[in-house]
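Trainee: Before we go through this model, could we agree on the terms, and then hold each label up against its cut-off?

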Amino acid sequence: MATSLRVMSANLCWGRADPERLLALVRRLGVDVVGLQELSRDQAEAVSQELPYGVLSPSSDATGTGVALRRPAKIDVIPMAFRPLHTALLDPVDWPELGEEIEFASTHLAAPHVKPLGSGFSKRRRQIRQIERYLGSTSRDRLVLVGDFNATPSWPAYQRIASQLTDAAVDVAAMRGRALRRTWGPWPGSPRCLRIDHAFVRSLRAVDFQVVDIAGSDHAAIVIDLSSD
């Protein structure tokens with residue numbers, strides 16, 4: 001079965017990930033669409049050299065987000081309780097290999113420990129409700145939702161999304177007989193100890209799923225190959 005779209009999600013650790021090595025990674029992997037979290041200006045400029053379309057909103061703190069694409073798409077930025085949800089509608093006019101439209105969405109849920117302490121849980125609950133409303137309102141059958149969910153599969157935030165969409169990592173692991181790999185460690189270069197970065201799909205088949213180190217980040221990137229069949 002041929003694959004037609006390669007997507008990535010990457011948390012860049014408060015802008016600490018090395019911009020040039022990030023760009024080299026995107027080029028080496030041949031990524032078509034990427035959702036970025038904790039994005040700095042230097043990182044945005046680097047990624048834009050390879051993926052010139054989309055909307056990137058860098059910041060000097062952990063609030064920088066955006067999506068970058070190889071070809072044009074209709075972009076929407078949906079306000080949310082903590083950070084916005086970015087969506088990109090990939091139309092076969094510009095993405096003829098897809099056959100039909102695919103909606104790509106990227107999110108970054110609040111961590112439980114965000115300041116002021118104790119506020120993270122209420123922000124997360126509001127974000128999840130808003131994502132659920134988005135999922136219920138979008139008319140696109142074929143959808144992929146990626147991001148740093150700050151939630152392992154044992155957390156309610158993950159479970160609520162997984163009840164509506166398919167976890168691409170789980171499907172690929174079962175199909176290929178692989179173990180699920182963790183994506184986050186407490187500092188750059190540390191062993192990964194939690195699986196909190198996810199890709200969920202609807203009416204799409206994930207045919208491969210990679211967890212790839214990002215130089216300078218406490219998160220690994222996730223890279224998903226999607227079939228248009």
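Mentor: Let us start with burial: a residue is called buried under 20% relative accessible area, exposed over 50%, and partly exposed in between. Keep in mind throughout that this is a predicted model.

Trainee: What makes Cys 13 count as buried?

Mentor: Its relative accessibility is 4%, and the label applies under 20%, so Cys 13 is buried. Cys 193, with a relative accessible area of 36%, falls between the two cut-offs and is therefore partly exposed.

Trainee: How do you know that Cys 13 has no bond to the closest cysteine sulfur?

Mentor: A disulfide requires two cysteine sulfur atoms within 2.5 Å. The closest cysteine sulfur to that of Cys 13 belongs to Cys 193 and is 13 Å away, which is too far for a bond. Cys 193 is likewise in no disulfide, and a search of the whole structure finds zero of them.

Trainee: Which strands are called the edge strands of the sheet, and why?

Mentor: The open sheet has six strands in the order β3-β4-β2-β1-β12-β11, with mixed pairing. The strands β3 (53–57) and β11 (205–213) each pair on one side only, and they are the edge strands. From one strand to the next, the twist averages 15°.

Trainee: What makes β3 and β4 a pair?

Mentor: Two strands pair if there are at least two bridges between them, and five bridges join β3 to β4 (residues 65–69), the two running antiparallel. Within this pair, Tyr 53 has Leu 69 of β4 as its bridge partner.

Trainee: How do you know that helix α1 packs on the sheet, and which strands does it touch?

Mentor: Contact means heavy atoms within 4.5 Å, and α1 (residues 19–29) touches β1 (5–11), β11 and β12 (220–227), its direction making about 150° with that of β11.

Trainee: Why are the buried residues of α1 said to be on the same side?

Mentor: The buried residues are Leu 22, Leu 23, Leu 25, Val 26 and Leu 29. They cover an arc of only 160° around the axis, which puts them on the same side of α1. An α-helix has 3.6 residues a turn, so residues three or four places apart point the same way. What covers the buried residues of α1 includes β1, α2 (41–48), β11 and β12, while the face turned away from the buried side carries the exposed residues Glu 20, Arg 21 and Arg 28.

Trainee: What caps the N-terminal end of α1?

Mentor: Asp 18 does, with a side-chain oxygen 3.2 Å from the backbone nitrogen of Glu 20, and this distance is within the 3.5 Å set for a polar contact. After α1 comes Gly 30, whose phi is positive, near 65°.

Trainee: What makes the pairing of the side chains of Asp 225 and Arg 6 a polar contact?

Mentor: The distance is 2.6 Å, and the cut-off is 3.5 Å between N or O atoms. Asp 225 is found in strand β12 and, at 8% relative accessibility, counts as buried.

Trainee: Which phi values are set apart by their sign, in residues other than glycine?

Mentor: Most residues other than glycine have a negative phi. Glu 38, however, has a positive phi of about 55°; this residue is found in the loop between β2 (33–37) and α2 and is buried at 9% relative accessibility. Asn 150 also has a positive phi, of about 45°; its place is in the loop between β8 (143–148) and α4 (156–162), and its relative accessible area of 15% makes Asn 150 buried.

Technical notes
Residues are numbered from 1 along each chain as its sequence is written. This is a predicted model: local features need pLDDT of at least 70, side-chain atom pairs count only at pLDDT 80 or more; totals for chains, interfaces and linings use all residues. Side-chain values use heavy atoms; hydrogens and water are left out. Helices (H or I, at least four residues) and strands (E, at least two) are DSSP runs, numbered from the N terminus. Axes are lines fitted to C-alpha atoms, for helices over the stretch in contact, and angles run from 0 to 180 degrees between N-to-C directions. Buried means under 20% relative accessible area, exposed over 50%, partly exposed in between (1.4 Å probe, protein chains only). The arc is that of the directions from the helix axis to the C-beta atoms. A polar contact is a pair of N or O atoms within 3.5 Å; within protein, one must be able to donate a hydrogen and the other to accept it, and residues adjacent in sequence count only if both atoms are side-chain atoms.
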